[in-house]
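Here's a quick briefing for anyone opening this structure for the first time. Have the sequence and the 3D view side by side, and we'll go through it topic by topic.

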Amino acid sequence: MANTHFHETRGLSPGQGQQVLPLKTKKGSLKVLLLHGDLDIWVKEAKNLPNMDMFHKKLADALGKFNLKASSKIENHMSHHKITSDPYVTISVAGAVIGRTFVISNSENPVWMQHFNVPVAHYVPEVHFVVKDSDVLGSQTMGAVGIPAEQLYSGKKVEGTFPILHANGKPCKPGAVLTLSIQYTPIGKMACYQRGIGSGPDYHGVPGTYFPLRKCGKVTLYQDAHVHEGFLPNLKVDGNVRYEHRSCWQDIYNAISQARRLIYIAGWAVYHNVRLVRETDKATNFTLGDLLKIKSQEGVRVLLLIWDDPTSRSILGYKTEGIMHTNDEVTRHFFKHSSVKVLLCPRSAGKGSWVKKKETGTIYSHHQKTVIVDADAGNTKRKITAFVGGLDLCMGRYDTQDHPLFRTLQTLHKDDYRNKSFPEPDPGCPREPWHDLHCRIDGPAAYDILANFEERWLKASEPHGLQKLWTSHDDALLNIERIPEIVRMTEIPYLSKDDPETWHVQVFRSIDSNSVKGFPDEPKDATQMNLVCGKNFLIDMSIHTAYVNAIRAAQRFIYIENQYFLGSSYNWDSHKDLGANNLIPIEIALKIANKIRSNERFSAYILIPMWPEGVTTGTAIQRILFWQHKTMQMMYDIIYKSLVEVGLEYRYEPQDFLNFFCLGNREAVNGGDDLDARGSTVLNTPQALAQKNRRFMIYVHSKGMIVDDEYVIIGSANINQRSMEGTRDTEISMGAYQPHHTFSSRSRDPCGQVYGYRMSLWAEHIGGVEESFKQPESLECVRRVRSLSEHNWKQYIADEVTEMKGHLLKYPVEVDRMGKVKALPGCEAFPDVGGKILGSFTAIQENLTI
C-alpha cells in the first residue's frame with residue numbers, strides 16, 4: 001500500500017481496563033486454551049464502518065427539546081467536525097483489554113497500520129478485536145472480530161480481512177470489514193525463557209521500554225533506612241569480597257550535603273521535620289528542612305515535587321491534615337519564604353469524563369520516590385547520582401533491622417510515632433516497624449531518573465486556566481547541558497566493561513501523558529517511543545513489562561518483597577471482571593507449573609505485610625485481603641493441577657514450590673525503657689491487647705524482586721493494578737544486574753552483589769544464615785525456611801511473651817496438599833487487632849482497592 005505509515009507498540013501489557021463483549025463472533029462453542037507467550041498483532045485498516053455519529057445527532061436533537069446542556073455540548077462537538085465515526089480498535093483476551101489503537105477522527109475507512117507485541121497468560125476461547133466509535137458521550141461498540149485460540153495455537157500467522165459482526169451475529173454494516181494479522185509465540189520458544197536475564201554481551205535489556213538499558217554503571221542496594229554496625233553477619237561474595245551493608249538515609253544525607261548544583265526530590269510524601277541521621281556518631285537534630293534551606297542558601301537549586309493530597313488543604317489559614325497524613329501543606333508552608341521551590345502536584349486525569357477526572361484526582365497519587373543530586377565525578381567535574389526505591393523522606397520510615405516496638409518510643413522514635421492500625425493510639429502502644437528496599441544509582445541510568453523528574457516538573461509547573469494570564473514560563477529546572485561542570489551522560493567516567501563490579505541498569509515507569517511533558521502530541525507517533533495508546537492519552541507501562549520479562553526469564557527461583565500482592569483477576573474463581581489484570585501472579589504460577597512438568601526445581605518466596613496498613617476491620621482493608629486471597633488461591637490451583645498432571649501430587653505439595661510470608665516482632669519487657677499500658681481502660685481493645693502481648697507486625701513496604709541471585713528490581717511500584725496500569729498511581733523502578741555475575745557468564749550460580757543482598761535480607765528476617773540458603777530453589781531450603789517461619793509464628797501467637805530472634809512468619813493461612821487456601825484453625829482473625837485474615841467483600845466493586 002503506497003504511502004502507508006507503520007506504527008509499532010512493543011511490550012504492551014494487560015491493564016487497560018475490562019471489556020465485556022455483548023455479542024458472539026462465532027457460532028457454536030469454542031475450545032478454551034492457554035495462550036502463554038506473546039501475541040504479535042497488526043491492526044491494519046477497516047472499511048465501510050457505520051456512521052455512529054448520526055445516533056448522537058439524533059440524541060442531541062432529542063435533548064435539545066428539553067433544553068439540556070448535553071445537547072449544546074454535542075452540537076458544539078459536531079459543528080467542528082464532519083458527522084461520521086471516530087473509530088479505534090481494542091484488543092482483549094478473557095475480558096482484559098491488552099491493546100488499543102489510536103483514534104482516527106471522522107473516517108469510515110480508517111487506516112491504522114499499528115503493530116503490537118503483547119505478553120499474554122490467559123485461558124481463552126478467542127482473541128477479540130472490538131471496533132469502537134469515540135465520542136463526546138463516551139464510546140460505542142460498532143462490532144467485533146474474533147480469532148479462535150485454536151487457530152493461533154500452532155504458531156502460524158492468521159491474517160486476512162474479516163467481517164465486523166454486530167450483536168445479532170450479522171455484519172454491523174454491509175461490507176464492514178477489519179484487516180489484521182495475529183501470530184502466537186508460546187513461552188517455550190522465547191529466547192529469554194531458555195537462557196535467563198543478561199544472557200551474554202548481546203543482551204539489550206527489557207524490550208519495548210521508554211528508557212534503554214544503560215551499561216557500565218554502579219548500584220548500591222539498601223535494606224531499611226539505617227543499618228546498625230555489626231548487626232548483620234559478614235557475607236562474602238565472589239572474589240572473597242565482603243558484602244557491604246550501607247545505611248540509606250545516612251548516604252542520602254551525605255549526598256544532599258555534598259551537592260553543589262542541584263537537589264531534586266520527588267515523593268508521595270516529603271516532610272521537612274524528619275531527621276535522616278539518628279544513631280551514629282554523626283547523629284544530629286538537623287532536620288531535612290534545615291538541610292535543604294542551607295543548601296539553597298549556598299546557591300544549590302533545590303526543587304521538591306510532592307503529591308498534592310486532595311484531602312489536605314490550606315485555605316485562608318485554615319488547614320486540614322488530610323486522610324493520608326502526608327504533611328504536604330505543612331512542608332510547603334515551611335519553605336514558603338525560602339529559595340527552596342515546592343510544587344504540590346495533584347494526580348490529574350487530563351482529558352476524559354467528569355467521573356474519570358474525579359476518580360483519578362481523588363483515589364490515585366504520584367507515588368514515585370526519588371532523590372537526585374550532583375556528585376563528585378573527579379577532575380573538578382560533577383555527575384548526576386540518583387536514589388530510587390520505596391522509602392519516602394517522611395515520618396514513620398526510619399527503622400533498623402531489629403525493628404523495635406517499644407524500646408525506642410522515648411528515644412529514636414520519640415517524635416516519630418506511626419501506627420495507623422490504631423485510630424486513637426494510647427500511650428505505650430507499639431509503633432509500627434517499617435521494612436523497605438531502596439537503591440542508589442551512579443552512571444548513565446541516573447540521568448534517566450533525572451529526565452523523569454524534569455518531564456514531571458515541566459508538566460506540573462504548566463499554568464492552567466487564568467494562571468496563563470500572569471504566570472510566566474517556569475525556569476526552575478537547571479539546564480545541565482549549559483553547565484560545563486556537570487558531565488553529560490556520554491561523558492561519565494564509566495566503570496570498565498571488564499570490571500567485575502560493573503552494573504547494567506534500566507529505568508522503568510508507570511505513568512501517562514497527563515503527568516509528564518515530552519510525550520508526543522500525536523498518538524500515532526507514540527509507538528516509536530514504546531508508549532501505549534489510551535483513549536485520550538499515552539502510557540508508559542514498562543514496570544509491568546519488566547516484571548513479566550524477569551519472571552519469564554527466571555531459571556531457579558524468585559524472591560519478592562512487596563506491600564501488596566494481587567492481580568490476574570481474569571483467572572480467579574470469581575470476580576473475574578474486577579479489572580486487576582496485571583500478569584505477575586499468574587506468570588509466577590505458570591513458571592512453577594512449567595518447571596514441574598519439566599521435572600526441574602523452582603521456588604517462589606513472596607513476602608508481604610501481615611495486613612495492609614490501616615484498621616484491619618475496615619472495608620477497604622478487608623477488600624484488599626479478599627483480593628489477595630483470591631490471587632493466592634488462583635496460583636495454588638495452577639500449581640496443584642500441574643502436580644496432578646505429572647503424577648506428583650502425593651510426593652509434593654504446592655507449598656514445596658510457592659510460599660507466602662510476613663514479618664512480625666515481640667519484645668519482652670526490658671527494664672524501664674518503655675511505657676506501660678497506662679491509659680488503656682478497656683482491656684480487649686486492639687491497643688490494650690497489643691501492649692499486653694507486646695507484639696505487632698513489621699510493615700513490609702518494600703517494592704522489589706530478586707531473580708536467580710542475578711537480577712534485581714527495586715522501586716516505588718506495588719504489585720497491584722494501581723501501580724502497574726500506568727494510568728493510576730505514577731511509579732518509577734529500576735532493574736539491574738552485574739554482567740560478570742550471571743549464570744551465563746560463569747556457568748554456575750551467581751554470587752555477586754545481588755546474591756549478597758538477598759542473603760543479607762534473609763539474615764535480617766530469619767536471624768542468621770544457613771548453608772541451604774545458598775540454593776533457594778532446593779526443596780531443602782524451601783522446607784527449612786517454611787519450618788523456621790512456622791516456628792516463629794507459634795512464638796508470635798503464644799501466650800508467653802518471649803524475645804524473637806527471627807521475624808519471618810508464615811503468612812497466617814493454611815494451604816492444604818490440594819492447594820486450597822483456608823483460615824488457620826483457631827486463627828481466623830489477626831491477633832490483637834482483629835479482622836478476617838482471608839478478607840471479606842461486600843457492596844459494589846471499585847478501583848480503590850485493586
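How many of the 5 residues of strand β4 (residues 96-100) are buried? The answer is 5, so to speak a full house, and β4 is mostly covered. Keep in mind that this is a predicted model. Below are β4 and its sheet, then strand β32, a pair of helices, and two spots further along.

**β4 and its sheet**

- β4 pairs with strand β3 (residues 87-93) in the antiparallel sense, and 4 bridges hold that pairing.
- Two of the partnerships can be picked out by name: Val93 has Ala96 of β4 as its bridge partner, while Ser92 has Val97 of β4.
- The hairpin of β3 and β4 has 2 residues between the strands, and Ala94 takes a positive phi there, near 50°.
- Zoom out and you'll find an open sheet of 4 strands, paired antiparallel in the order β4-β3-β6-β7.
- The edges belong to β4 and β7 (138-148); each has a single partner strand, so one side of each lacks a neighbour in the sheet.
- On average, neighbouring strands of this sheet are turned by 30° against each other, ignoring direction.

**Strand β32**

- Strand β32 (residues 731-737) is largely enclosed by the rest of the structure, because 7 of its 7 residues are buried.
- Glu731, Ser733, Gly735 and Tyr737 point one way from β32, and Ile732, Met734 and Ala736 point the other way; all are buried.
- Strand β22 (residues 503-512) runs antiparallel to β32, and 7 bridges join the two.
- Within that pairing, look for His504, whose bridge partner in β32 is Tyr737.
- Strand β31 (residues 711-715) is also antiparallel to β32, joined to it by 5 bridges.
- Here Val712 is a handy marker, with Ala736 as its bridge partner in β32.

**Helices α13 and α14**

- Helix α13 (residues 584-597) packs with helix α14 (residues 619-645) at an angle of about 15°, and their axes are 9 Å apart.
- That angle makes α13 roughly parallel to α14.
- The crossing of these two helices, α13 and α14, is right-handed.
- On the α13 side, the residues making the contact include Pro585, Ile588, Leu590, Ile592 and Ile596.
- On the α14 side, they include Thr631, Met634, Met635, Ile638 and Leu643.
- Sorted by type, the residues of the α13 and α14 contact come to 13 nonpolar, 2 polar and 2 charged.

**Asp656, in a loop**

- Asp656 is found in the loop between α14 and β27.
- Is Asp656 buried or exposed? Its relative accessibility is 0%, so Asp656 counts as buried.
- Leaving aside residues up to four places away in sequence, Asp656 touches Arg601, Ser603, Leu779, Val782, Arg783 and Arg786.

**Helix α15**

- The buried residues of helix α15 (residues 686-693) are Gln687, Ala688, Ala690, Gln691 and Asn693.
- What covers these buried residues of α15 includes β27 (658-666) and β28 (695-697).
- Just after α15 comes Arg694, which takes a positive phi of about 50°.

Note on methods:
Residues are numbered from 1 along each chain as its sequence is written. This is a predicted model: local features need pLDDT of at least 70, side-chain atom pairs count only at pLDDT 80 or more; totals for chains, interfaces and linings use all residues. Side-chain values use heavy atoms; hydrogens and water are left out. Axes are lines fitted to C-alpha atoms, for helices over the stretch in contact, and angles run from 0 to 180 degrees between N-to-C directions. Angles under 35 degrees count as roughly parallel, over 145 as roughly antiparallel, 65 to 115 as roughly perpendicular and the rest as oblique. A crossing is left-handed if the near helix is turned anticlockwise from the far one by less than a right angle, and right-handed if clockwise. Contact means heavy atoms within 4.5 Å. Ala, Val, Leu, Ile, Met, Phe, Trp, Tyr, Cys and Pro count as nonpolar, Asp, Glu, Lys and Arg as charged, and the others, Gly among them, as polar. Buried means under 20% relative accessible area, exposed over 50%, partly exposed in between (1.4 Å probe, protein chains only). Two strands pair if DSSP finds at least two bridges between them.
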